[in-house]
Amino acid sequence: MAIETSHSVILVTGGTGLVGYAIQHVINSEPLGSRFGRRAGETWVFIGSKDADLRDPEQARMIFDKHKPTHVIHLAALVGGLYRNMRYKLSFLRDNTLINDNVLRCAHEFGVSKVISCLSTCVFPDNVTYPLDESKIHLGPPHESNYGYAYAKRMIDIANRAYHDEHGCNFTSAIPTNVFGPNDNFDLEDSHVIPALIHKCLQAKRDNTPFVVFGTGKPLRQFIYSFDLAKLFIWQLREYDDVEPVILSVGEDEEVSIKQVTDAIVAAVGFEGEYRFDPSRADGQFRKPASNQKLLSLLGSKFEFTPLDVALRDTVRWLVEHYDKDARIRRTNARKNGSSVTDVHPIGRK
Ligand code: GFB
């Protein structure tokens with residue numbers, strides 16, 4: 001159902017994380033009434049982990065009762081890069097299962113007319129024919145490194161179908177590839193590869209210390225800039241009405257190796273030293289190329305993805321500007337002091 005009525009309340013869970021921050025930026029900076037800009041009659045509400053612990057059914061209900069959303073973009077999740085996924089499989093499975101169940105159940109109980117939930121291309125089977133497309137989610141087990149997260153996220157697709165079949169709900173999902181951008185989690189150990197490497201590279205440049213990249217550098221990934229992804233979420237909210245998920249990604253021909261992305265980060269940071277790989281650390285899934293054919297055919301007009309080097313340069317600039325004042329970046333030290341997985345940052349990035 002397109003948002004054309006005069007009173008729409010769009011609740012964004014995980015609204016203070018990487019993608020939520022980008023949606024706030026796009027909604028407020030694109031021209032009023034445009035395809036991605038704010039529209040008359042819309043109220044956008046961005047909530048984060050400080051507003052509610054969505055693992056708790058009562059807190060989830062309190063949020064829905066307070067804001068009475070008509071639409072929900074559900075981004076809240078326990079998230080992390082490869083190494084965090086490997087360490088906390090049970091937490092990723094349980095926390096995300098609880099969050100998703102509470103959000104979808106409240107959306108149904110409060111009569112929300114549309115929900116888009118965020119999945120990830122890591123939900124796909126490990127052994128499957130490439131490229132990945134929307135029909136292949138449930139064809140086999142996910143990669144063992146992140147099965148806790150992957151199964152919890154896959155179940156959103158099942159829940160969406162069941163809510164549709166039993167109650168006629170308009171719930172769907174988006175499947176982005178590896179996202180990065182301003183306001184990411186830049187933790188050195190727990191974050192995704194781009195924020196971790198930008199942070200490490202800046203430290204190596206500042207302190208004249210070694211820059212170590214985990215793994216062999218050979219795995220391939222598709223990356224999407226958070227502001228591009230934000231536009232695609234806004235498009236999907238307004239213009240797509242089907243339970244079937246949509247992959248939100250750059251083209252499958254835009255895979256880059258971890259070494260290539262490291263070289264691009266080195267250039268963006270202006271680091272002139274040497275870096276080395278640490279092959280004793282896991283590589284994770286070798287590749288997971290996803291097709292954006294469905295997305296492109298639905299979008300209708302050409303969508304300009306931000307070139308990787310431009311997006312990396314802007315992300316580096318953001319981190320440099322926020323390095324000393326942003327508590328989320330300083331969290332990297334909190335973890336070393338013994339914080340547990342749930343008190344580090346349970347809710348945030350996609
Ligand atoms: O972003 P990332 O952690 O997630 O990337 P995935 C992992 C790849 O980057 C591996 C290499 O090949 C790592 O060896 N890498 C190199 C590093 N240095 C680093 C580093 O300092 N930190 C990290 N994190 N990686 C995740 C899933 O997989 O994809 C999540 O585990 C999520 O559940 C996300 O869905 C999108 O792309 O491997």
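**Note on the ligand site and Asn 292**

1. Of the 26 residues around the ligand, those that come nearest are Leu 82, Ser 120, Val 193, Arg 221 and Asp 283, where a residue is near a molecule if one of its heavy atoms lies within 4 Å of it. The model is predicted, so local features need pLDDT of at least 70 and side-chain atom pairs count only at pLDDT 80 or more, while totals for chains, interfaces and linings use all residues. Residues are numbered from 1 along each chain as its sequence is written, and side-chain values use heavy atoms, with hydrogens and water left out.

2. The shell around the ligand is made up of 12 nonpolar, 9 polar and 5 charged residues, with Asp, Glu, Lys and Arg counted as charged, Ala, Val, Leu, Ile, Met, Phe, Trp, Tyr, Cys and Pro as nonpolar, and the others, Gly among them, as polar.

3. Turning to polar contacts (pairs of N or O atoms within 3.5 Å), an oxygen atom of the ligand lies 3.0 Å from a side-chain N or O atom of Asn 146, and an oxygen atom of the ligand is 2.9 Å from such an atom in the side chain of Asn 178. A nitrogen atom of the ligand is 2.9 Å from a backbone N or O atom of Ser 191.

4. Asn 292 is buried, at 5% relative accessible area, buried meaning under 20% with a 1.4 Å probe and protein chains only. A polar atom of the Asn 292 side chain lies 2.9 Å from the backbone oxygen of Ser 249.

Conventions:
A polar contact is a pair of N or O atoms within 3.5 Å; within protein, one must be able to donate a hydrogen and the other to accept it, and residues adjacent in sequence count only if both atoms are side-chain atoms. Buried means under 20% relative accessible area, exposed over 50%, partly exposed in between (1.4 Å probe, protein chains only).
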